Amino acid sequence: MDTLETKRLILRGWEADDLEDLHDYSSDMRVGPPAGWKPHFSKEESVVVLADFIKNGCVWAIEYKENNKVIGSISLDKDAARRDVDCRELGYALSADYWGMGLMTEAARAVIDYGFETAGLRCISAAHFPGNDASRRVLEKCGFRKEGMLNYSYRLYNGRVLSTVQYIMMSEDWQRIKEGEDGPSLSEKLALIVDDNLWIMTNLANAAALIYDEMINVNWAGFYLWRDGLLKLGPFCGKPACTTIEMGKGVCGKAAESGKTIVVDDVHLFPGHIACDSASLSETVVPMYAGGKLIGVLDIDSPVRRRFKSEEKTELEKCAAVIEGIWPRDSLDK
Ligand code: SME
């Protein structure tokens with residue numbers, strides 16, 4: 001199989017010599033069980049798995065350049081749910097001694113790029129068990145989109161049946177992620193599509209569509225507009241939402257009241273959060289002003305906890321600034 005190289009890692013085919021390293025991390029209770037596989041209690045079990053890895057041909061050994069140790073595995077294996085299509089499922093395991101260093105994200109990015117650019121895949125899927133936050137973070141950082149929960153879908157080695165949280169990435173998603181690394185930012189794109197000769201509602205509708213379409217793991221994007229002393233639902237993309245929010249109520253009302261952007265990592269922990277779509281787990285609300293007066297808020301929801309990092313907060317504030325810049329001076333109906 002092809003060898004891939006990243007800054008800190010070499011991803012290569014498994015060799016008979018890797019037995020000790022494989023057994024080292026596979027016998028650790030912290031590694032296998034959260035991913036659904038039985039820890040290796042004996043060397044013999046590792047021998048069988050190693051032979052399988054070598055034969056299988058779609059599992060890379062992850063070698064850490066600094067000490068030439070094999071510290072985990074990563075694979076693009078068949079996706080049982082997607083037969084006869086160009087899709088592979090990403091799977092991985094990493095020695096607990098190397099957690100929290102961003103190594104799996106580094107390996108996964110190289111493998112995803114290989115899958116789309118060299119192997120010609122159209123789609124890469126992935127899944128983790130609910131609560132496996134480390135695995136979830138890898139997928140989010142790579143830019144996978146969460147599809148939802150596949151209930152009662154995986155029988156563990158100990159007989160228990162668990163649900164899986166499913167993720168997907170299409171080849172065009174990956175192209176977009178790669179372009180995004182040096183292409184125009186979201187607010188720059190927004191500035192290109194709005195036009196102050198158009199009706200403000202037309203611009204808001206396209207702004208909501210752009211943000212919803214461009215941002216990964218977003219399930220609602222839109223505006224609440226300040227009219228007659230209330231925040232009233234304006235153009236948006238996503239599920240139907242609550243129509244009216246009072247000042248100081250919910251995340252939107254609190255952001256409008258405080259005049260500051262509010263980033264909520266977990267909406268269930270935000271007192272007074274107004275749930276419109278039960279899939280929403282985190283949220284960012286940016287208040288917007290024109291001529292010194294409140295005009296509304298930009299509201300973005302995500303089905304992923306802690307979705308909005310400080311770069312995204314800044315970017316959404318820049319989007320709000322673009323809207324503020326084209327706001328009609330006299331009437332909303334212009
Ligand atoms: N969650 C918001 C309400 C609007 S929806 O997210 C679209 C809030 O608490 O204000």
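This passage describes the overall build, the nonpolar cores, three helices and the ligand surroundings of a predicted model.

The protein comprises 334 residues, of which 36% count as buried. Nine helices and 14 strands are found in the chain. The C-alpha trace extends over about 75 × 40 × 40 Å along its principal axes. When contacts between residues at least 6 apart in sequence are considered, 56% of them join residues at least 24 apart.

The largest nonpolar core contains 42 residues, and the members that touch the most others within this core are Ile62, Ala107, Ala108 and Val111. Helix H3, which runs over residues 103-118, is the element that gives the most to this core, with a contribution of eight residues. A second core, separate from the largest one, is made up of 38 residues, among them Leu210, Val251, Val264 and Cys276. Within the largest core, the surroundings of alanine 107 can be listed individually. With residues up to four places away in sequence left aside, alanine 107 touches Thr6, Leu9, Leu11, Ile62, Ile74 and Tyr92.

Helices H1 and H2 were examined for the placement of their buried residues. In H1, the buried residues are Asp21, Leu22, Tyr25 and Ser26. Viewed down the axis of H1, these residues lie within an arc of 120 degrees, so they line one face of the helix. The cover over the buried residues of H1 includes H2 and strand E4. Helix H2 (residues 43-56) consists of 14 residues, and the distance from its first C-alpha to its last is 20 Å, close to the 20 Å expected at 1.5 Å a residue. Ser46, Leu50 and Phe53 are buried in H2. Their arc around the axis is only 60 degrees, which places them on the same side of H2. This arrangement follows a general rule of helix geometry: an α-helix has 3.6 residues a turn, so residues three or four places apart point the same way. The other side of H2 carries the exposed residues Glu44, Val48, Asp52 and Lys55. Helix H1 (19-26), strand E3 (59-64) and strand E4 (69-78) are included in what covers the buried residues of H2. Just after H2, glycine 57 adopts a positive phi of about 80 degrees.

Helix H9 was examined in the same manner. Its 17 residues (310-326) should span 24 Å at 1.5 Å a residue, and the end C-alpha atoms are 25 Å apart, in agreement with that expectation. Glu315, Leu316, Cys319, Ala320, Val322 and Ile323 are the buried residues of H9. They occupy an arc of only 150 degrees around the axis and therefore lie on the same side of H9. Ser310, Glu311 and Gly325 are exposed on the face of H9 turned away from the buried side. The packing partners of the buried residues of H9 are helix H6 (186-193), helix H7 (200-214), strand E13 (282-290) and strand E14.

The ligand is surrounded by 14 residues, of which Gly250, Val251, Cys252, Ile274 and Cys276 come nearest. Two elements, helix H8 (250-258) and strand E14 (293-302), each give two or more residues to this shell. Helix H8 gives the most, with three residues. By character, the shell consists of eight nonpolar, three polar and three charged residues. Val251 and Cys276, which are among the residues that come nearest to the ligand, are also included in the second core.

Key:
Residues numbered from 1 in each chain as written. Predicted model: local features only at pLDDT ≥ 70, side-chain atom pairs only at ≥ 80, totals over all residues. Core = buried A, V, L, I, M, F, W, Y, C linked by C-beta atoms within 7 Å. Buried ≥ 20, exposed ≤ 12 C-beta atoms within 10 Å, placed from the backbone. Helix = DSSP H or I, 4+ residues; strand = E, 2+ residues; numbered from the N terminus. Contact = placed C-beta atoms within 7 Å. Near = placed C-beta within 6 Å. Nonpolar A, V, L, I, M, F, W, Y, C, P; charged D, E, K, R; others polar. Expected span 1.5 Å × (residues − 1). Arc of directions from axis to C-beta.
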